[in-house]
Amino acid sequence: MPSRLFISLLVLLTSAATAQEVPPRPEPQVVELAVSPAAELAPALKHRLLPPYLDQRDENAAPLYLRALLMLETSGVEADDKLWNNIIDWAKADIDKLPRDEAHKALGQFASVLGELRLAARRTQCDWALGVRERENIFATLLPEVQAMRNLARLLALEARLHIAEGKYAEAVATLQVGYALARHVAEQPFLISGLVGAAIAQQMNDQLETLLAAAGSPNMYWAIAALPDPLIDLRPALDLEGHSMLLMLPKLRDVRERELTPEGWRQEFRDTIRAAGELMKFVEPEEDKGLGGAAKELARAAAIEAMLELRYPQARKELAAWGYDEKRLDAMPKGQAVLVHEVEHFERTRDGLFKWFDVPYWEAYDGLRAADAAFAERAKKRDKLTPPPLADLVLPALTNVYNAQTRGERRLAALQTIESLRMYAAAHEGRWPMTLADEDLAPAPRNPFTGNPPDYAVADGVATVIFAGRGREADLVYKLRIDE
């Protein structure tokens with residue numbers, strides 16, 4: 001067996017399980033805003049950030065989004081990089097410097113697209129009909145529509161900002177309804193990438209909501225923010241899919257504990273599993289091994305897999321015994337079966353050790369997630385470099401990063417709701433800030449979802465400073481507010 005092919009296969013299998021260095025904590029994200037006092041609306045929910053019940057339709061939004069994307073593709077301007085760069089820049093521009101005529105002209109080219117989005121936002125569901133359970137390799141599923149949805153969100157972000165610049169606040173809120181509905185609909189695809197794109201779209205809408213709150217004379221959105229679903233983007237359905245990823249990709253693993261085969265039959269089952277995993281995960285060979293002829297390459301690959309089984313078996317048996325498998329049962333279990341049973345056991349134990357933390361608030365999950373990450377890194381560190389890791393270490397997602405992304409969006413909304421609480425207080429107290437967030441006249445300030453505690457707050461020289469601290473790799477979010485005279 002050519003040793004370099006064997007070593008290269010092991011290196012490929014172990015690369016994903018290598019512990020990564022934790023980057024230094026980022027500098028605080030500081031946002032300075034001049035805001036005007038704004039009393040509570042009457043009725044309190046006069047403005048909403050998702051389509052209200054009477055406007056909703058019990059229908060599927062996906063066909064309308066696909067129509068919007070098709071209109072975008074056939075419009076002749078989808079590939080106009082200059083136009084899209086302008087749209088992106090204008091959606092971030094100071095509202096006093098936004099070129100309104102040019103922005104109107106740009107959005108006018110997408111009137112039919114925006115019309116479809118407004119219809120789609122009213123639909124109560126978004127079924128993309130992907131047939132997840134019917135696919136042989138769900139993680140090879142192409143999702144071109146998900147990334148294309150970002151452009152739809154950019155159009156909405158610019159439209160909302162243009163309305164704000166023109167003082168058309170009700171129209172801005174109506175556009176934000178469409179944007180937040182789009183974010184939630186995108187996230188209804190049961191893939192983490194869809195959920196994360198949905199979270200990114202929601203952040204684009206949060207940017208415009210923040211701009212609205214800072215606009216002179218804008219309505220108070222405290223109760224509108226409070227009425228949003230919590231979390232706005234729920235990643236748990238996607239995690240449910242991820243939590244069954246290995247058994248979805250390799251369905252023959254589902255009954256390895258009960259199935260009966262001869263020792264040679266189990267060896268063949270192990271070979272088939274590794275080959276299938278290699279195909280599904282797109283394992284590739286390094287350049288120096290591509291010179292092998294077809295027959296020689298196949299023999300080398302088969303020999304590498306056989307060696308892999310012999311390397312994996314001692315550790316697999318040891319851990320199965322530690323997990324309560326009877327020694328007599330292990331004695332009767334062929335090597336191929338023992339290693340495959342270990343794959344499934346390790347996957348389920350590792351998955352549940354991570355995923356269980358997603359069912360409790362972030363501030364309660366943080367230490368558990370860190371411990372799970374540390375245990376994962378420690379296993380990778382101690383593992384014999386010539387012994388490939390279990391497949392679970394290759395297919396399970398970095399859950400801490402996923403939870404961070406969801407919580408980051410929750411924190412932003414909590415911060416904006418706190419700003420609205422302060423604007424409401426200032427409207428009732430001659431433009432003054434409360435000295436503490438515990439003031440009985442203040443609408444409740446949300447807790448920081450990263451810490452479970454109220455935000456830090458201080459007033460000095462007419463500036464109210466609100467700090468929503470981060471944890472781990474997440475920077476602190478700091479708002480410095482002053483009353484706009």
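## Asp461 and the turn between E4 and E5

Asp461 is exposed, with a relative accessible area of 81%, a value over the 50% that marks an exposed residue. This residue belongs to a model that is predicted. Asp461 lies in the loop that links E4 to E5. Its backbone takes a positive phi of about 55 degrees, although the residue is not a glycine.

## Overall composition

The secondary structure of the protein amounts to 18 helices and six strands. Of the 485 residues in the protein, 49% are buried. When contacts between residues at least 6 apart in sequence are considered, 77% of them join residues at least 24 apart.

## The four-stranded sheet

Four strands make up an open sheet, arranged in the order E1-E6-E5-E4 with mixed pairing. Strand E1 (29-35) and strand E4 (456-460) occupy the edges; each has a single partner strand, so one side of each is left without a neighbour in the sheet. From one strand to the next, the twist averages 15 degrees.

Within this sheet, strand E5 (residues 463-468) pairs with strand E6 (residues 477-483) in the antiparallel sense, over six bridges. Thr465 is placed opposite Lys480 of E6. Helix H8 (residues 192-214) packs on the sheet, where it touches E1 and E6. The direction of H8 makes about 35 degrees with that of E1.

## Helix H18 and the residue that follows

H18 also meets the sheet: this helix lies across E1, E4, E5 and E6 and runs at about 20 degrees to E6. Helix H18 spans residues 399-428, a total of 30 residues. The distance from its first C-alpha to its last is 44 Å, close to the 44 Å expected at 1.5 Å a residue. Because 25 of the 30 residues of H18 are buried, the helix is largely enclosed by the rest of the structure.

Just after H18 comes Glu430, with a positive phi of about 55 degrees. Glu430 is not a glycine, and its place is in the loop between H18 and E4. This residue is exposed, with a relative accessible area of 75%.

## Arg471 in the loop between E5 and E6

The loop between E5 and E6 contains Arg471. With a relative accessible area of 22%, Arg471 is partly exposed; the value is not under the 20% required for a buried residue.

Leaving aside residues up to four places away in sequence, Arg471 touches Arg25, Tyr362, Trp363, Tyr366, Asp367, Phe450 and Thr451. Arg471 and Tyr362 are 109 residues apart along the chain, and their C-alpha atoms are separated by 10.0 Å.

## Packing of H2 against H6

The axes of helix H2 (residues 62-73) and helix H6 (residues 144-165) come within 10 Å and cross at roughly 80 degrees. H2 is therefore roughly perpendicular to H6, a description that applies to angles of 65 to 115 degrees. On the H2 side, the contact involves Tyr65, Leu66, Ala68, Leu69 and Leu72. These residues meet Glu145, Ala148, Met149, Asn151, Leu152 and Leu155 in H6. By class, the contact of H2 with H6 consists of nine nonpolar, one polar and one charged residues.

For the 22 residues of H6, a rise of 1.5 Å a residue gives a span of 32 Å, and the end C-alpha atoms are 33 Å apart, which agrees. H6 has 17 of its 22 residues buried, so this helix is largely enclosed by the rest of the structure. Just after H6, Gly167 adopts a positive phi of about 75 degrees.

## Cis peptide bonds

The peptide bond from Ala42 to Pro43 is cis, with omega near 0 degrees. Pro43 is situated in the loop between E1 and strand E2 (57-60).

A cis bond also joins Asp230 to Pro231, with omega near 0 degrees. Pro231 occurs in the loop between helix H9 (222-226) and helix H10 (236-242).

Note on methods:
Residues are numbered from 1 along each chain as its sequence is written. This is a predicted model: local features need pLDDT of at least 70, side-chain atom pairs count only at pLDDT 80 or more; totals for chains, interfaces and linings use all residues. Side-chain values use heavy atoms; hydrogens and water are left out. Helices (H or I, at least four residues) and strands (E, at least two) are DSSP runs, numbered from the N terminus. The expected span of a helix is 1.5 Å times one less than its number of residues. Buried means under 20% relative accessible area, exposed over 50%, partly exposed in between (1.4 Å probe, protein chains only). Two strands pair if DSSP finds at least two bridges between them. Axes are lines fitted to C-alpha atoms, for helices over the stretch in contact, and angles run from 0 to 180 degrees between N-to-C directions. Contact means heavy atoms within 4.5 Å. Angles under 35 degrees count as roughly parallel, over 145 as roughly antiparallel, 65 to 115 as roughly perpendicular and the rest as oblique. Ala, Val, Leu, Ile, Met, Phe, Trp, Tyr, Cys and Pro count as nonpolar, Asp, Glu, Lys and Arg as charged, and the others, Gly among them, as polar.
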